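Here are my notes for your review. They cover a ligand site and a sheet.

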Amino acid sequence: MLLARVALPVPLGQVFTYQVSEALAAGVKRGARVLCELGKRKVLGVVLEASERAPEIAVERLKPVLGVVDPEPVLPEELLGFLQELGRYYVAPMGEVMELALPAVERSAALTLEAASVKAVGRLVQVASAVPDAPVPKLRGRAPAILEHLKSHGPTELTALEAEWPSARAAVARLVEAGAVTLEKREETVDPFTVNVPADEPPKLTPAQENAVGAITLRLERSEKRAFLLEGVTASGKTEVYLRAAVRCLELGRGVIVLVPEIALTPQLVARFRARLGSRIAVLHSGLGERERHAMWRSLRSGEVRIAVGARSALFAPVQSLGLVVVDEEHDGSFKQEEGVRYHARDMALLRAHRADAVCVLGSATPSVTSAELAESGRLELVELPARARAESALPEAEIVDLRRIGPGPGGERLISVPLFRALEATIAAREQAILFLNRRGFSPSVVCAACGKIGECPNCAVALTLHRARREALVCHYCDHHEARRTKCPHCGEEALVEEGAGTERIESVLAEILPGARIARLDRDVAAGQKSERILDRVRKGDVDVLVGTQMVTKGHDLPNVTLVGVLNADAALSLPDYRAAERTFQLLVQVAGRAGRGGKPGRVLIQTRQPEHPAVTLAVTHDVKAFTRYELAQRRELDYPPYTRLALVRFEAADDALTQREALRFAKIAKHWAESDVEVLGPAPAPLARLRGRYRHRFMLRTKDRTRLHIVLLGLARTAVDRRVRMAIDVDPVSML
Ligand code: ADP
Ligand code: ZN
């Protein structure tokens, strides 16, 4: 009799065994989905193994597989094997790991057997196209302009034409009658990521690009597995290198995955890929509907589309015969998934590429010290782009503004120093643009009572509430949904002595309006620009409708804004003070990346960094743009303090509504960890997490640190297999990124 080992989407570690009837035996293959009973529920699972029963297994108590969903395995072997290895590495339940690779439509048990036949059909819209080589009819009114537009821009939706020319419909009708234009129904493309883009002319590569492309394509052509670190300063043309490598890979008949940080996944970037690679690209982003996601997944799985671009989850795209995996801005923290299966897409990109005999390219202007160390030890091949691609644009000059020595700026505030103010004035006078960066949204990060000293705190989380003036003076928690109306009296002592402390982007915006009357100011942060809206704001900057753009991290990423010549960092110290061994690395990366927004268009750029720690290497080396020196400095620190990449870390977090219970479980598990650890793994803690309460739950944790990967794995398995009190949530985080 055939038995099937099945991964089910439940948060339990084990894989379940079912018996397979004669009738279903042919369809129960590794990688296929099957319908199974789990308790009283029916759930979809993925077959990991189908094999003849070993004599010692008693089958009587095994439930049968109820049905087979896929005639052919839904997950290709390459992807399935990768997922299993990922699951083992992160000590994650195999069923949850499988879900990473299946779009919701594919995993919904309610849809069960019909799931595979769900077709994606969007709303149909009318699209007008010019008929090539048609004789030009006699035209009047709007018709000539519309025909010209269709010839130069390609097929265009009727609604889009009407937006530009109110009488377009009648004119198109006349053009159709004259045989110059055809009108047909097509699926609606509401998605700004799927618009058609005219093909571009590939630029002549710089010698450094030539060298990088050569190194990468050589390995592609030889089908050698190889991983690269592409270290190229901002605007050095890394994207051009990815494009060339992708084109070559497709020519060789193999597929491509490109991962970018979610925040960098803009229509602008996607347009560059479409312009070079055509429209057969699956763009996987968070704004997709389930149907669209499913349609893309299907077309990748069938091999019809061979390239996937997306944020971290695109790592699991079922691209056929994978040949190249690119991770752009590989240092970016958003590649780490912070819930469920806590994988790191950059680390796992290396694994997937390696297993698929593919080439992996990690690109960044500021490589993570982990990747830099891998390059140093020869496990990544280093290729460099040391200068900006366009000869005329040099890296910007950066200067430090020492806030300890410089008095208050205009308006009596220390937020914008005199030198920065002068630089802003000069930039605006020259009709150029400036970006000001502050990693804090809202008006002020806390409201404090001057009488009793108490800070307004979130009732659910152990953090101060941020005052948001633009949201009707609300006090908002940045960790949970809590918000409350601002009060006039302190809730603790009743005094009317509440003071706004510190500054966020909103406050900077209002200070700028005061000190630079007449300047056009815009703000870019999550409050004004969720999802697509950020593109609209950036578009206004591109068009020259904005003089100063104030923003959070959102302004530091990838944007190409040629007229920006000044970048001001308002407070470099904020990131340095985080309770995280990576604080210096993050600060350095942030400073270099934001500085990289200046002077991309040929005019020289200038960067001013306001700080109270002007001697800190993360600041001084960012000023000189010295990635190598910073990496050396930081690696020496890490070695000294026994931090990654010289050791491995895992965080084990406990959360529950009851503080004492959480602490007790953390303590109990720390003891178990010590038992398994022997002398090879350090157990640090348990202790309350830096964010001691979050969404009404208390948080405790301990950390494991070791040089011995195998032993760490044994300890983590020991923990994962121990039952936790049902009221407590335990999470294992291997190679943690967030230390909060
Ligand atoms: P990065 O990805 O390193 O930040 P980009 O690929 O965005 O850099 O390139 C920066 C700018 O330089 C873009 O406007 C791009 O079109 C241009 N560029 C890239 N390569 C070349 C080249 N070989 N010749 C001319 N311009 C180039
Ligand atoms: Zn909260």
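1. Two strands count as paired if DSSP finds at least two bridges between them. Strand β19 and strand β20 (residues 474–476) are joined by three bridges and run antiparallel. One of the pairs puts Thr466 opposite Val476 of β20 as its bridge partner. Please keep in mind that this is a predicted model.

2. The wider sheet is open and has three strands, in the order β19-β20-β21, with antiparallel pairing. β19 (466–468) and β21 (483–485) each have a single partner strand and stand at the edges, so one side of each lacks a neighbour in the sheet. From one strand to the next, the twist averages 30°.

3. Now the ligand site. The surroundings of ligand 1 comprise 17 residues, of which Lys204, Gln209, Thr239, Arg272 and Arg390 come nearest. By class, the shell holds seven charged, five polar and five nonpolar residues.

4. Which helix gives the largest share of the shell around ligand 1? Helix α9 (residues 238–251) does, with three residues.

5. Polar contacts deserve a look. The side chain of Gln209 places an N or O atom 2.7 Å from a nitrogen atom of ligand 1. For Thr239, a polar side-chain atom is 2.8 Å from an oxygen atom of the ligand. Ser236 uses its backbone instead: an N or O atom there lies 3.2 Å from an oxygen atom of ligand 1.

6. On burial, ligand 1 taken alone exposes 560 Å², and the protein buries 81% of that.

Conventions
Residues numbered from 1 in each chain as written. Chains lettered and ligands numbered in written order. Predicted model: local features only at pLDDT ≥ 70, side-chain atom pairs only at ≥ 80, totals over all residues. Heavy atoms only, no water. Helix = DSSP H or I, 4+ residues; strand = E, 2+ residues; numbered from the N terminus. Axes fitted to C-alpha atoms, helices over the stretch in contact; angles between N-to-C directions. Near = heavy atom within 4 Å. Polar contact = N/O pair within 3.5 Å; in protein donor to acceptor, adjacent residues only side chain to side chain. Areas by Shrake-Rupley, 256 points an atom, 1.4 Å probe, with all protein chains shown as cover. Nonpolar A, V, L, I, M, F, W, Y, C, P; charged D, E, K, R; others polar.
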